[in-house]
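Trainee: I am new to this structure and would like a close look at one part of it, the aromatic rings. Please begin with how far the model can be trusted, and then place that part within the rest of the chain.

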Amino acid sequence: MPDGAPLDEMVDGAGGFRPHWRPLLGALADLGRGVLAERALLIDRFFADEGVTSLLTPQDGTPATSWRCDPMPLILPAAEFATLEAGLAQRATLLEAVLQDVYGPQRLLAEGALPPALIHANPAFLRPCRAPEGRRDGPLLHLYAADLVRAPDGDWRVVADRTASPTGLAHVLENRRALSRHMPEFLRSRELRQLGPFFDIWQDALQGLAPGAPGGNPGVALLTTGHASPLWFEQVILSRELSCALVEGGDLTVRDGVLYLKTLRGLQRVDVLLRRQDGRTIDPLELESSMAHGIAGLLDAARGGAVKIVNDPGTGCVEAPGLAAFLPRLAPRLLGEALRLQGARTLWLGEAEARAEAEADLGAWLVRRAVDGTIHSLRPSSMEPESRAALLARIAAAPQDFALSEVLTPSVAPCVGPEGLVPRPVMLRLFLVFDGRGWRALPGGLVRVLDEAQPGPAVTKDVWIPAEEDAAIQGPRGSAFAPLPIRRTSGELPSRVADNFFWLGRYLERLESAARLLRAGASRLSRASPTPRELAELRSLFACLVRAELLDAETAQAGAHGLGARALTRALLRAMREGGPVAGQLGRVSHLAELLRDRLTGEMQLALHQGLRQLAAQIRPVPQAREETLGLERLEEASNAILSFAATVAGLAAENMVRGGGRLFLDLGRRVERAQAIAAEIARALDQPGAATQPARLEPGLRLALELRDSVITYRSRYLTALQAGPVLDLVLADEGNPRGLAFQLAAARDMLVELDGDAESPLGLAAGQLLKDARAMVRDVATAAAQAEVALGLPPRLRAMEGAVAALSNRIARRYFTLLPAAHSLGPAAPGGRLRGAA
């Protein structure tokens, strides 16, 4: 092999295949090139259907936009993996010792073994986290990852340490899941070590870090910055794998030196906080105060021993590229032995000897910032003369700010390309967790393909460790917990999550209501010559469309006079197209579903994601010349698809979600939104011009009311063809057995609000009950009148008042459960013994 040439992971030095690759190559030969390419497309589609997004952050700190999994894994022999595990465990132990010193007595700095410029000038070194006396409960470093490349000499080199919040574990899980589903022939070719036991060990280790006496049921939470984070998907996956709560800073509060999760029922203690947020932003009282994601007093709670944060907020300081130059010297001093696994050779230019070596041949090195590994490295040999001169000037002015790393030619591994298998340079990331006694490695890992010439999504690979027949199965140590009390409460849910569920229910119902209105409009506009009765129905329907912001008032007014049929068709199509109100509602549902990803079952998440993608495909332009025919047909198809989607989600929620918590607020949102829509639609259906003098004109409005409430068949089965105001309004307003009627929504909302408060005299429950009484009173007034139609014509003002009252009830729900504000009171003397109910 030529000196410096990349080593091929699949081929040995004699040109033959390495033994551990041969079973896979046999399975590959059976598949053939064409099948392999098809499977690669299926894996891409699998990730698209699952809604998988960016998980890793590249070396320059900018988030990747998407990623792919190459069907060909990287295979490491068990013996080689064991060597890497031992070397990385030693390295993690060394980094833990360095952290304990720099955040403790700082002897290394005082004795000159470590330059202060790499610590005190390091933005990741957090002075408030220092404990000079050196007393700490548990390790600072709990999860560790390292990036490695195999050099041309065949040895692995560490090129970066990941100690702050190592990312990529969700990549590993999703890649293995994708290959298990779409490349079963590969996995059958040999037995592999499984990934699951690692997460069991990790979960057990997190529980073991909880302060207090063992045997309790510690509260473990994963701290995220929220949906906007490019690592959101990974955080959702990890919270599920570790069975811990996924929380944001606003969900947490520190009271009397203890960290709590704010729920609708009160405060729940958090004993262990798995940090996936920049350590510099977690406590605005002691660290950066400009960020909105921190928890005031968190560091004080951690210092007091009430909560354990992992990894410790300050662990990122040992990721500094310049520090790697000192690890070979620190290992004998702190561990009594040399490093077993070498890193890429590094020079810190704050030392005179390093500067002298660099001046001899700077072009042979990579130039990096000494204390910030997120800044992209520079290769002087490939720079323009002016840029290189400017870089040399910056180095000469402040050499201590720079470090040099040797240029390593990484090994190549086979990747699936358009023409078959092609070699690509790769980087390997391995993960380790401290289980309380030692470091345990994930029996797998993540490979990143480093081919910058290939545009498009980042390409990753699964890492396979073949199982040895005599290998012992390792799992977590048994943990004895006290018997858990039975809990069936509905309010142990963060207010933010409850708010998201509530509005997901509202937007799903709003989407369904829009589809019914648009379908009704399309079916009437498609008729060649509408009858006077149908024109009357259209006028009421147009009013409903305007209220739902699906049609502008000017076009609706022209349509009400039988004019502008083409303009009406175009307006309805615009409502359904991309950029229109229906597309906006789809976007809101999609956004909320993503926010709730960690709270939804797999079936619910899949139905929402796939359904929304299919609906988005339905919203496509229609040729202008065919708008009046094809457009209306397409509009009805899209409306039916939305109704089917809404019914699927509602059915899954009813059958798959435990009653209480998220499902309760999801259903409450639907009931509130539907009740408001029913009151608004019936008011407009009854508001028929000229009906005061000719009550027979009320009939079109009654027909429309039955259609919009999907109650036509039920009415016919009860009353045959006779159409009267009393029976119609009873069915759509007062019948608690009609799931599309107003009474059903108000009764359900009343019961849920009583359940949430745990009090039959709940103020919100009583308010919903009063609205139910008002709805019954309206129907009773009509049904007992001699002239039902005349009394029914007087209901629109009362129905509009009902619409406003339901909106006011929604605002009270938000104040009580989501914003956690005290109930609104009039100005004046306070009630005796009264007290405001503030945020938990």
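Mentor: Each residue carries a pLDDT, which is the predictor's confidence in that residue on a scale from 0 to 100. We need this value at the outset, since what you see is a predicted model. Across residues 484-491 the pLDDT stays under 50, and for that stretch the model has 13 contacts beyond four places in sequence. Where pLDDT is low, the predicted coordinates should not be read in detail. For the protein chain taken as a whole, the mean pLDDT is 85, with 86% of the residues reaching 70 or more. A further stretch, residues 54-65, has a pLDDT below 50, although the model gives this stretch 38 contacts beyond near neighbours in sequence. When confidence is compared by element, helix H15 (residues 553-560) is lowest, with a mean of 74, and strand E17 (residues 439-441) is highest, at 97.

With that caution in mind, here is the setting for the rings. The protein chain has 840 residues, 52% of them buried, and contains 27 helices and 19 strands. If we take the contacts between residues at least 6 apart in sequence, 72% of these join residues at least 24 apart.

Now to the part you asked about. There are 15 aromatic pairs in the count, and two of them deserve a careful reading. In the pair made by Phe-665 and Tyr-817, the ring centres are 5.7 Å apart and the planes stand at 75 degrees, which is over the 60 degrees required, so this pair counts as edge-to-face. Phe-665 belongs to helix H20 (residues 662-686) and Tyr-817 to helix H27 (residues 796-818), so that the pair links distant parts of the chain, 152 residues apart. Phe-665 and Tyr-817 are both buried. They also belong to one aromatic cluster, in which Phe-502, Trp-503, Tyr-507 and Phe-818 take part as well.

The pair of Tyr-715 and Tyr-719 has its ring centres 4.7 Å apart and its planes at 40 degrees, an angle that makes the pair tilted. Tyr-715 and Tyr-719 are four residues apart in helix H22 (residues 712-719), and for this reason about one helical turn separates them. As for their surroundings, Tyr-715 has a relative accessibility of 3% and therefore counts as buried, whereas Tyr-719, with a relative accessible area of 31%, is partly exposed.

For a view beyond the rings, you might turn to Asp-70, which sits in the loop between strand E1 (67-69) and strand E2 (74-75). With a relative accessible area of 1%, Asp-70 is buried. A polar atom of the Asp-70 side chain lies 3.0 Å from the backbone nitrogen of Met-72. Leaving aside residues up to four places away in sequence, Asp-70 touches several others, among them Leu-179, Pro-414 and Val-459.

Finally, there is an open sheet of three antiparallel strands, in the order E12-E14-E13, whose edge strands are E12 (346-348) and E13 (365-369). E12 is joined to strand E14 (residues 402-406) by three bridges, and Leu-347 stands opposite Leu-404 in E14.

Conventions:
Residues numbered from 1 in each chain as written. Predicted model: local features only at pLDDT ≥ 70, side-chain atom pairs only at ≥ 80, totals over all residues. Heavy atoms only, no water. Helix = DSSP H or I, 4+ residues; strand = E, 2+ residues; numbered from the N terminus. Contact = heavy atoms within 4.5 Å. Buried < 20%, exposed > 50% of the residue type's maximum accessible area, 1.4 Å probe, protein only. Polar contact = N/O pair within 3.5 Å; in protein donor to acceptor, adjacent residues only side chain to side chain. Pairing = 2+ DSSP bridges. Phe/Tyr/Trp six-rings, centres within 6.5 Å; stacked < 30°, edge-to-face > 60°.
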